[in-house]
Amino acid sequence: MSGGDMAKPLLSHRSMEGDSSTPATGRTIGVLGSGDFARSLAVRLVCSGFKVVVGSRNPKRKAGLFPSAAEVTFQAEAVKKTDVIFVAVFREHYSTLCDLADVLAGKILVDVSNNTEINHHKESNAEYLASLFPACTVVKGFNVVSAWTLQSGARDGNKQVLICSNNQEAKRTVAEIAQVMGFTPVDMGCMSSACEIENIPLRLLPAWKIPIFLALGLFLCFFTYNLIRQVIHPYIREQKNKFYKIPIEVVNTTLPCVAYVMLSLVYLPGVLAACSQLYYGTKYRRFPDWLDQWLQHRKQIGLLSFFCAALHAVYSFCLPMRRSHRYQLIETAVKQAVEKKMNIWVEEEVWRMEIYLSVGIIALGLLSLLAITSLPSIANSLNWREFSFIQSTLGFIALVISTLHTLTYGWSRAFDENQYKFYLPPTYTLTLLVPCTVILARVIFSLPCMQQRLLRIRRGWEKGRYVKFVLPSATGEYSSGETSSNV
Ligand code: NAP
């Protein structure tokens, strides 16, 4: 994007203030094509106060599909009546519009088209349109909005309309139209961004790919491990058929493992970043790409952790509903009656379960809070301190409480040799590995000597460099000084 491009605001002050006399309203807008997108666009434009003229190859047949306020006529007629024309036609049909080149000269063409594959063509559709009509000004826009969103109103869908063009004036005109229609125009710069804009609707959860694969990988590992311990081991060693455990019990012991480890993976990259800063004594050294990527995916990893924890809660609620559970209860009661046992109350077990459930509920509550505050609409209403308090401090507390939940679940099982099926330790001991490392590291970093050093580094101090620094003291006052690495 050129420097001058960004220098001017995309929207004039008049339109930003929502002035009813804005030049956008009341103007005539042309739409080429009479398909789904053209119809929805025409409806929305008419509702927003524009005059609409639709250019079709067969206006008689298509007129009934449009609101009566919109004029449906032949393509050439429509084009003559307006300066701004939305080209609601697929790229492969652009060349059929070449007959209109003379009447289109000097007009603004809005390319709304999408592709079927990412980077399908060498040049973007908008650049291709511009090459076919060199006498026109092409603006890329509205392709990220679906026909459904246009029909249902901007309030019911994505409000952002990404716009790019080499002509600032044309871009401003289209942005004004988008704003009057109730959308938020976003200036994406010059025409070279068109390709990126055209790829956006084709991307499938780009930020979620790595976290989802991570969660699936962890799920698969823990599921196999639990399957071996809970189903395969009793089958091989005692010829007991425990395969009924697979759909609920094995899944329910796997989900908390994934949730817990994923939660620790939200905080582990922060620890690694701090280690790197402490080791190199600077914050100006770039993190390796994998760490950068990891830091950027923390939100998605955290949300997936919450998702697994919520599923674990639902599965746990359903445990007593299972027929197998009822049979086991009756079996235990009968055994008790046969053995004439009156009191089966084990005080330690009762306390363990009470604490286990209580900390589990608190951990889930905190995770819900983290998930809610990561939603953009909520996050935007928080200032940086509030956001970092919730995501960093409360998140870390959630990790500590989840650790307590895991420890109360395990209790003394780690010391019981019967728990080592095929010499495999209980699953919960494995899950503790990463979270405990993270907690330990955070405790070490909170020691005054470490905290001070990290704080200095994060404020620009560098090992081996003689720099002036200003630091808040313990009392909150600022003290300044000069230092070098050897100080
Ligand atoms: P559509 O329903 O198939 O409509 C395409 C229209 O193009 C036809 O109705 C036709 O209107 C016109 N056309 C002009 N010359 C043509 C030719 N030679 N052969 C066939 N048709 C010709 O498609 P659409 O869903 O409205 O999509 C139109 C454009 O909007 C596409 O570029 C698409 O990528 C883009 N878009 C669509 C959506 C969506 O939700 N549908 C969302 C974003 C972007 P006449 O017969 O009246 O000439």
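Accessible area here comes from the Shrake-Rupley method with a 1.4 Å probe. By that yardstick, the protein in this predicted model exposes about 27,200 Å², and carbon and sulfur atoms supply 61% of it.

**The overall picture**

Let's start with the chain as a whole. The protein has 487 residues, and 43% of them count as buried. Its secondary structure adds up to 21 helices and 10 strands. If you take the contacts with a separation of 6 or more, 69% of them join residues 24 or more positions apart.

**Helix α14**

One helix worth a look is α14, which covers residues 298–318. With 21 residues, α14 reaches 30 Å from its first C-alpha to its last, close to the 30 Å expected at 1.5 Å a residue. Which residues of α14 are buried? They are Gln 300, Ile 301, Gly 302, Leu 303, Leu 304, Ser 305, Cys 308, Ala 309 and His 312. The cover over these buried residues includes other helices: α11 (209–238), α12 (246–280), α13 (289–296), α16 (347–373) and α18 (384–410).

**Around the ligand**

Now for the ligand. It is surrounded by 20 residues, and the closest are Ser 34, Phe 37, Ser 56, Arg 57 and Asn 114. Sorted by class, that shell has 7 nonpolar, 10 polar and 3 charged residues. Oxygen atoms of the ligand pair up with polar atoms of the protein as follows.

| Residue | Protein atom | Distance to a ligand oxygen |
|---|---|---|
| Arg 57 | N or O atom in the side chain | 2.8 Å |
| Lys 62 | N or O atom in the side chain | 3.0 Å |
| Asn 114 | polar backbone atom | 2.9 Å |

How much of the ligand's area does the protein bury? Taken alone, the ligand exposes 880 Å², and the protein buries 81% of that.

**Thr 427**

Last stop: Thr 427, which lies in helix α19 (residues 427–431). Is Thr 427 buried or exposed? Its relative accessible area is 9%, so Thr 427 counts as buried, given that the cut-off is under 20%.

What does Thr 427 touch, leaving aside its neighbours within four places in sequence? Thr 427 is in contact with Phe 222, Tyr 225, Asn 226, Arg 229 and Cys 257. With Asn 226 there is also a polar contact, side chain to side chain, at 2.6 Å.

Key
Residues are numbered from 1 along each chain as its sequence is written. This is a predicted model: local features need pLDDT of at least 70, side-chain atom pairs count only at pLDDT 80 or more; totals for chains, interfaces and linings use all residues. Side-chain values use heavy atoms; hydrogens and water are left out. Helices (H or I, at least four residues) and strands (E, at least two) are DSSP runs, numbered from the N terminus. Buried means under 20% relative accessible area, exposed over 50%, partly exposed in between (1.4 Å probe, protein chains only). Contact means heavy atoms within 4.5 Å. The expected span of a helix is 1.5 Å times one less than its number of residues. A residue is near a molecule or strand if one of its heavy atoms lies within 4 Å of it. A polar contact is a pair of N or O atoms within 3.5 Å; within protein, one must be able to donate a hydrogen and the other to accept it, and residues adjacent in sequence count only if both atoms are side-chain atoms. Ala, Val, Leu, Ile, Met, Phe, Trp, Tyr, Cys and Pro count as nonpolar, Asp, Glu, Lys and Arg as charged, and the others, Gly among them, as polar.
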